[in-house]
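Dear colleague,

Please find below the structure I am handing over to you, together with its sequence. My findings follow directly after it.

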Amino acid sequence: MNDRPPSEIVPAKVETARRNLAEAGLADYAEIREGDARQTLRDLGGPVDFVLIDGWPGEGGPSLAREVIEIVAPQLLIGGYGMNDNAEPDYLDFIRDPRNSFVSMTLPLKGGTELSLKVK
């Protein structure tokens, strides 16, 4: 199991996740970093093979998903996957730009879930 920590900014969701992990007997295998992912995910402690980014649109600026993918993309292994729950337009602009080394497709889930593979 990958020991790279997820990040969550909503304290109630952190408590729920920790409780669910404990009830499932998995608390020793996961660390949840509480706080803003733009800060807590800057150093993942090594390369990762999967990231799930569920952000929200920005008001007059980039979406949270766009900001987070820019932070974690360099830490994602070649052959690793990224998934974005909401397919924010500026996230799609980044992930579909060939200079950023991904191939990507929209899955027919929740009105637009993007699955991307890092190819170089």
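In this predicted model, S5 and S6 are joined by six bridges and run antiparallel to each other. Within that pairing, Ser-104 has Ser-116 of S6 as its bridge partner. As general background, the strands of a sheet pair through backbone hydrogen bonds, in either a parallel or an antiparallel manner.

Both strands belong to an open sheet of four strands with mixed pairing, ordered S3-S4-S6-S5. The edges are formed by strand S3 (48-53) and strand S5 (102-107); each has a single partner strand, so one side of each is left without a neighbour in the sheet. On average, neighbouring strands of this sheet are turned by 15° against each other, direction ignored.

Helix H3, covering residues 64-72, packs on the sheet, where it touches S3 and strand S4 (76-84). The direction of H3 makes about 170° with that of S3.

Helix H1 (residues 11-23) comprises 13 residues. From its first C-alpha to its last, H1 reaches 18 Å, close to the 18 Å expected at 1.5 Å a residue. Gly-25 follows H1 and has a positive phi, near 75°.

With regard to confidence, the mean pLDDT of the protein is 86, with 91% of residues at 70 or more. Confidence is highest in strand S6 (residues 113-118), at a mean of 96, and lowest in strand S1 (residues 7-8), at 65. Residues 1-5 have a pLDDT below 50, and this stretch has 12 contacts in the model beyond near neighbours in sequence.

Yours sincerely

Notes:
Residues numbered from 1 in each chain as written. Predicted model: local features only at pLDDT ≥ 70, side-chain atom pairs only at ≥ 80, totals over all residues. Heavy atoms only, no water. pLDDT = per-residue confidence, 0-100. Helix = DSSP H or I, 4+ residues; strand = E, 2+ residues; numbered from the N terminus. Contact = heavy atoms within 4.5 Å. Pairing = 2+ DSSP bridges. Axes fitted to C-alpha atoms, helices over the stretch in contact; angles between N-to-C directions. Expected span 1.5 Å × (residues − 1).
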